[in-house]
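Let's take a walk through this structure together. Have a look at it first, then read on.

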Amino acid sequence: MSFRLETGGRLIDRGAPRRFAFDGVECTGFAGDTLAAALLANDHMMVGRSFKYHRPRGLVASGVEEPNALVGLGIGGRFEPNQRATMTELFDGLVAESQNRFPSLAFDVGAVNARLARFLPAGFYYKTFLWPRAFWKHVYEPVIRQSAGLGQAPTETDPDAYEHFHAHVDLLVIGGGIAGLQAALSAAQSGAQVLLIEQTAHWGGRAPVDGVIVDGMPAGAWVAQTVAALQAMDNVHLRLRMQGTGVFDHGYVLAHERLTDHAPDAPGPRHRLWKIRAQQIVTATGAIERPLAFPGNDVPGVMLASAMRDYVVNWAVAPGRRTVVVTNNDDAYRTALALLDAGLEVPAILDARDAADGPLPQQARARGIPVRTGRAVVKVKGTTRVKGVGIGNAGGIGLATDTIACDAVAMSGGWSPVVHLWSHCGGKLTWDNTHAMFRPDPDRAPTGADGQPFVHVAGSANGALHATDCLDDAARAAVAAAAALGHQITAQPPRADAPAEAPMQPVWVMPGRASPAQRMKMFLDYQNDVKVSDVQLAAREGYESVEHTKRYTTLGMATDQGKLSNINGLAILADSLGAEIPQVGTTTFRPPYTPLTFGAIAGEARGDLFQPVRKTPMHDWHTEQGAVFEPVGQWRRPYAYPRKGESRAQAVQREVSNTRENVGLLDASTLGKLLVTGPDAAEFLDRVYTNMMSTLKPGRCRYGLMCSENGFLMDDGVVARLSEDSFLCHTTSGGAEHVHAHLEEWLQTEWWDLKVHVINLTEQFAQVAVVGPKARVLLDRLGGMDLSREALSFMGWVEGELAGIPARVYRISFSGELSFEVAVPAGQGRAFWDACLDAGADLGVAPYGTEALHIMRAEKGFIMIGDETDGTVIPQDLGLDWAVSKKKADFIGKRAQERVHMTDPDRWKLVGLETLDGSVLPDGAYAVDDGLNANGQCNTQGRVTSTYHSPTLGRGIAMGLVRHGPDRMGEVLNFMRTDGRTQPARIVSPVFYDPEGEKQNV
Amino acid sequence: MSELLCTEGLARIETVSGRGMITLKGELESRRFRNVLAKALDLPLPGPLSCAFNGARGVGWMAPDEVLILVPGEEVPEALARLRNKIGDHHITAVDVSDARAQFRLTGPGAREVLAKLSPVDFAPARFAPGTFRRTRLAQVPVAVWQKEEDVFGLVCFRSVADYVAGLLVNAAAPGSGVGYFASGG
């Protein structure tokens, strides 16, 4: 059993008990515990079940690399799946549940998979679910989806707040162990701005646990002294519980700070995602111990040796009473000694090496621990808990010569530097044969814009595993980083002392000549149940690339991303392929280093702040009237204003009729308004519009088309010439920013010699369209301007005051009615709107929305960018040849429109369409043609681009693009409906209403 | 006319109404033009990423060919007229944008952190001192932000997103959300 020791525990406060619940059972721990430590203290060694076979799984590690102890944490809106118990700090009231088990952790139905293990080999899905093909969608996929995924997704809204923070530093040091502390201290003396971050709640990393002596004092004391020194420096920031998540180009780093995970009721945000711009980065991210691949290495109670001494020293938790240590290196002897120090039994140390004579093995022997060299674990007894181990020759075939009863196994297969952050942005690795590990290759560092390295690695992350080397290496990294920042510093790191260590010996399979049956019980990836046999099978089946093997076997694809399994797995792959490990290489290290919450990624962007909503000056009025809004770009425009008891469709029909019969108001403030000024403004507009704009007279307006370089219609709108050298160009509501950028690009990159300024004045003005036969009456009542036919003719504009408000009135019409668009300063837009409503009350004035606008323009045959155009349509397709100048030498799109394909007479062209029975055509419907295409589909000869029920005409009207359309007036086409039937419609003129334009010209 | 949005938390945040704003585009790289313009404005012309103030009047650098002129709202017509009269034959465009923008003021030692949560600009005191003026983004919208005097920041955004920006600022200034980053020298 695992239990709390009577004394010790450098991180816990025995005076501060903490209560928590695991799978509904009340437990107690202490302040300073991790959930993992507290679970062990309560004899919960088994904490979950594996993904595929549902095998019982226990705690293996003590830090971020833990693959097994994933729990569902919290309740309700705060529930979060797949939280690592090793990184969860204990607090009062913590609620956790185990995952991937049904109905309970102890009795799990899915465990039957383990009995089927020989039928579930690597690539099982690919091999099994191939046939019959039709089964995939209806049988296999639903079943697989049911069993896929770890943990449950939260179902309630997260009540916590999250935020981002941007920081700019000279030097970012990631990792607060002794290497990171030393690097920060050395570099800080240069005066550089330093940010030092550490993912756990404590400074110092492993050194205090490992009994390292620094500068003549215990590592813990040196750490405290160094932290105090750093805190006293103005140019240094220290942050705990903050993980370097990813390193990106140009020294951009994401770091994830967990502020209140350990104190959920504390005020403030729960997580903060830091977006750091660092000139230089030092990664001091440490190393992770590797498991050994022996049969039964996944039975709860088998643990990494380093993790076991973490639990004993940091939290005074004994994983077992009798622990067998199995190792291929000297470091694991520290665990044996720590266990003895805690009063626990170590019946044997099994060392796969032929000899173990370094200071640490000597110490172990001196204290009476039997050290058995050349030996290995060949069997683990027990299913839900270790009961004993069978011992055999390290190089043998797996016969047990004897067994030892024990309740825990501490294993160590050597160490792997945490090279993730180095690798994220292109840092390469080199194989270190002595330590059998990949470490950063200093000659192939991630480089910045200047081609120079911007990431330096310090300490055990750099392969300097021994404490003495570690501090020297940290100082070296600090000097290099400071030099890159332009500071010459000399660093004199204190001396770190620890017993010398003899070389380790790589052991990838234990025992060396294990039988196939034994290899099926040697787990590499605990979470995804990938075994030595799976990787060997993949190699036999021809998987030579480590990336392919990863995906075939799912090795390293679990939530821990193979922190424990990758190196062991690729070593076995290399062995199976008869290749060297460095030739096989690693899989790609990608951010994030560990999973981070969606909340942290989203930051403030949720709820009302999810995205900006652009509001016109009259927005509040629309809301008060119960308008139904639709998004137009980031604007919200009223789609219609339904009255009580009215459907949306009814409201739209009423708004159209009322505008045609009385007078309607449209909030047109969203229209883009670009001021184009300068002596060359007219010339410039001639180049960017298809029409001639230079001939426009001040005081007049002209409808213009803008095309892309490829000739396609991009935007349209009315241009008003304000003076000889200034124009106001209206754009579509969604197009203002894009068109502005388009104009600036041409001005800045091609026509920099033109004296032209473009200023986006969209939001300076509120714009109200006053539309309908009674529009002039209404505006006359406001008083201040003569808007008679004589004073302001169609397509003219005048300036003055209406109702005491400065106004520019454009006599333009998008509806076919008598229409004035009135621009007033945005700040007075609401007042002007209200004045119009007041003045027109007895005239039947009513607002209309965008749908009524669309219907009225369609009745008039006016095109709409985005309906009649889709990026493949040219003005000539739409019968707009009249707006494409034949006189101008050039304009953007001219040459493209002369290409063969653009002048092809078979291009689909704009026509009106009316159904024979008056119904409404489906939007986007295609007109079928004779015959079938190569795919056996109907040939088509046209499609619907806009379609509405016209209240004015009392029937469905539509516009569409049809092959040779304008030449086929009166012909009936059949349009395909979604129900598989066709609907006949007749080709007619697109102008359904007032073709002579008498209504707008009164 | 200003509306107080929040006093608790990291900073005092208020809307600023009635301020006049003029966008001016011209050949700012020309020393002769700069001299003429400075005289017409009666203000020193700021260099890149900075602003110059004289009481309620100020100029902010927007782009190599553009400045933002800040004046009391009622002075806009007069300021525009003076520019037209005194600028001679230089090609400029000066236009009233007072209604196109919404203005905010952030006050207090925590104001930097509020801004640094939302904008990628370096708001460290050494890098964003009084007189700094930056066009940047605030979360998802463009803004210009400047520091007029110690711990007093001005910010303008487009009028249509004023509610969004107000929401962002108040949210970022929420009590208990202090980062404690700029406090120690940063």
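What follows goes from the domains of one chain to a helix, and then to the other chain.

Keep in mind that this is a predicted model. Start with chain B, where the domain assignment gives two domains. Domain 1 comes in two pieces of chain B, residues 4-16 and 100-172, while domain 2 covers residues 19-98. If you go from the C-alpha centre of domain 1 of chain B to that of domain 2 of chain B, you cover 22 Å.

So where do they touch? On chain B, 12 residues of domain 1 are in contact with 12 residues of domain 2. On the domain 1 side, the elements giving two or more residues are strand 8 (101-107), strand 9 (133-138) and strand 10 (141-149) of chain B. That side of domain 1 of chain B is a mix of classes: 5 nonpolar, 3 polar and 4 charged residues.

Now find helix 3 of chain B, at residues 111-118. Is it buried or exposed? 8 of its 8 residues are buried, so helix 3 of chain B is largely enclosed by the rest of the structure. Among those buried residues are Arg112(B), Glu113(B) and Lys117(B), along with Val114(B) and Leu115(B). And what covers them? The cover includes strand 8, strand 9, strand 10, strand 11 (152-158) and helix 4 (162-172) of chain B, together with strand 9 (162-174) of chain A.

That brings us to chain A. An unreviewed UniProt entry annotates residues 170-423 of chain A as "domain: FAD/NAD(P)-binding". Over this stretch, chain A is 24% helix and 37% strand, with its end C-alpha atoms 21 Å apart.

Key: Residues are numbered from 1 along each chain as its sequence is written. Chains are lettered from A and ligands numbered from 1 in the order in which they are written. This is a predicted model: local features need pLDDT of at least 70, side-chain atom pairs count only at pLDDT 80 or more; totals for chains, interfaces and linings use all residues. Domain bounds come from an automatic or database domain assignment. Two residues are in contact if their C-beta atoms, placed from the backbone, lie within 7 Å. Helices (H or I, at least four residues) and strands (E, at least two) are DSSP runs, numbered from the N terminus. Ala, Val, Leu, Ile, Met, Phe, Trp, Tyr, Cys and Pro count as nonpolar, Asp, Glu, Lys and Arg as charged, and the others, Gly among them, as polar. A residue is buried if 20 or more other C-beta atoms lie within 10 Å of its own, exposed if 12 or fewer, and partly exposed in between; C-beta atoms are placed from the backbone. UniProt positions are given in the numbering used here, feature names are shortened, and annotations may be inferred rather than shown by experiment.
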